[in-house]
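Please find below some notes on the model, set out point by point for reading beside the coordinates. They take up helix packing, charged pairs, two individual buried positions, backbone angles and the database annotation, in that order.

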Amino acid sequence: MIRGLALRRSGFLAALLIASVAAIWLHEAMRPVYPHLVYITGWGLLALMLVLTGYNARKKLTFLPLLSSRVWFQIHVYLGLFTGLAFLLHLQWRFPTGWFEITLAAMFAGVTLSGIAGWWLSRLLPKRLTTAGGEVPYDRIPVIRRDLRSQAEALVLSAIPTAKATTLADFYTARLAVFFAGPANFRAHAFGSRRPLAALLDAFTEVNRFLSPAEKETSAQLAQLVRQKDALDFHRAVQLLLKTWLFVHIPLTYGLLVFSFVHVVLVYAFAGGAR
């Protein structure tokens, strides 16, 4: 399976390179002799954008036997890269002028860059989730977090009568209450850093010096809950990243389409179209 995926990826990459070279050669060959080439590249670019936008609809039609979702995603990625080249050819390698062209180009760049970011995230983050032991349903995360907090607070309170001291409770209030109260360490989890967890576990080592044997047992259970909460925060951060880039990429895509159609209308209204 892995070999087949690598071969398919190599095939798509080869097709992208061949198509890119052919497009550049054809564009440069036609450019001196066909003054209205920009109209052809413009319509071609719009067609490519519509095909790419259709991928979002294809994801919702899972019952259709039209290749696997993985293959469609790869087609979307490589066709998106080719569309970036088509955009440069349409611009004829020049920087856009005027506020409308600059806005349109900025939106296209935003769609392209967010798409590349999404492709990178979709390759990296699912592997992290698998390493962490599978995926926790996103809508279950707040429920699980509240349960972990309740368990932690119950543990701390149960230690007070036994130890006749509030050392562990004070430690919880000072270092762990905020941690268990809500999501934590998003940035660290996004970059794969375990430093915040290590810092909390080091704090446990420090406070254990002042605890009785019974309290140390409770402290060990509390530390295990901290690990579970940290893992839960990791799942939340990773899944939120995977969701967030779509909330950037998809609205930008539809906004780009709207601006593109307006661009077509303006071109044909004020330039008279290709003659």
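1. An angle over 145 degrees between two helix axes counts here as roughly antiparallel. In this structure, which is a predicted model, α5 and α6 pack at an angle of about 175 degrees, and their axes are 11 Å apart. Because the angle is over 145 degrees, α5 and α6 are roughly antiparallel to each other. On the α5 side the residues that meet α6 are Arg 145, Leu 148, Arg 149, Ala 152, Glu 153, Val 156, Ala 159 and Ile 160, while α6 contributes Leu 168, Ala 169, Tyr 172, Phe 180 and Ala 181. Sorted by character, the residues of this contact of α5 with α6 comprise 10 nonpolar and three charged, with no polar ones.

2. Helix α6, which covers residues 167-181, also packs with helix α8, residues 195-208, where the two axes come within 11 Å and cross at roughly 175 degrees. That angle makes α6 roughly antiparallel to α8. From α6 the contact draws on Thr 167, Phe 171, Arg 175, Leu 176 and Phe 179, and from α8 on Ala 199, Leu 200, Ala 203, Phe 204 and Val 207. The residues of the contact of α6 with α8 divide into eight nonpolar, one polar and one charged.

3. Turning to charged pairs, side chains of opposite charge can pair when their charged atoms come close. How many salt bridges does the model contain? The count comes to five, and three of them are described in this point and the next. One of the five joins Glu 153 to Arg 149, with the closest N and O atoms 3.2 Å apart. Both residues belong to helix α5 (residues 141-163), and because they are four residues apart in that helix, about one helical turn separates them. Glu 153 is partly exposed at 30% relative accessibility, and Arg 149 is likewise partly exposed, its relative accessible area being 34%. Glu 153 and Arg 149 are also among the α5 residues that meet α6.

4. Is the salt bridge partner Asp 233 buried or exposed? Asp 233 has a relative accessibility of 2% and therefore counts as buried, and Lys 229, at 0%, is buried as well. The closest N and O atoms of this salt bridge are 2.6 Å apart, and the two residues lie in helix α9 (residues 213-270), four residues apart, which is about one turn of the helix. In a further salt bridge, the side chains of Glu 101 and Arg 94 meet with an N to O distance of 3.6 Å; here Glu 101 is partly exposed at 25%, and Arg 94 is partly exposed at 39%.

5. Two buried residues are worth inspecting by their partners. Phe 87, in helix α3 (residues 69-91), has a relative accessibility of 11% and so counts as buried. Leaving aside neighbours within four places in sequence, Phe 87 is in contact with Leu 45, Ala 105 and Phe 108, and its C-alpha atom is separated by 8.1 Å from that of Thr 41, which is 46 residues away along the chain. Ser 20, in helix α1 (residues 2-30), counts as buried at 14%. With the same neighbours left aside, Ser 20 is in contact with Phe 82 and Leu 85.

6. As for backbone angles, most residues other than glycine have a negative phi. Trp 93, in the loop between α3 and α4, has a positive phi of about 65 degrees although it is not a glycine, and at 44% relative accessibility Trp 93 counts as partly exposed. Asn 185, in the loop between α6 and α7, has a positive phi of about 60 degrees and is not a glycine either; Asn 185 is partly exposed at 28%.

7. Finally, the unreviewed UniProt entry lists residues 33-55, 75-93, 99-121 and 245-271 as "transmembrane region". In the model, residues 33-55 are 83% helix and 0% strand, with their end C-alpha atoms 36 Å apart. Residues 75-93 are 89% helix and 0% strand, and the end C-alpha atoms of that span lie 25 Å apart.

Technical notes
Residues are numbered from 1 along each chain as its sequence is written. This is a predicted model: local features need pLDDT of at least 70, side-chain atom pairs count only at pLDDT 80 or more; totals for chains, interfaces and linings use all residues. Side-chain values use heavy atoms; hydrogens and water are left out. Axes are lines fitted to C-alpha atoms, for helices over the stretch in contact, and angles run from 0 to 180 degrees between N-to-C directions. Angles under 35 degrees count as roughly parallel, over 145 as roughly antiparallel, 65 to 115 as roughly perpendicular and the rest as oblique. Contact means heavy atoms within 4.5 Å. Ala, Val, Leu, Ile, Met, Phe, Trp, Tyr, Cys and Pro count as nonpolar, Asp, Glu, Lys and Arg as charged, and the others, Gly among them, as polar. A salt bridge is a side-chain nitrogen of Lys or Arg within 4 Å of a carboxyl oxygen of Asp or Glu. Buried means under 20% relative accessible area, exposed over 50%, partly exposed in between (1.4 Å probe, protein chains only). UniProt positions are given in the numbering used here, feature names are shortened, and annotations may be inferred rather than shown by experiment.
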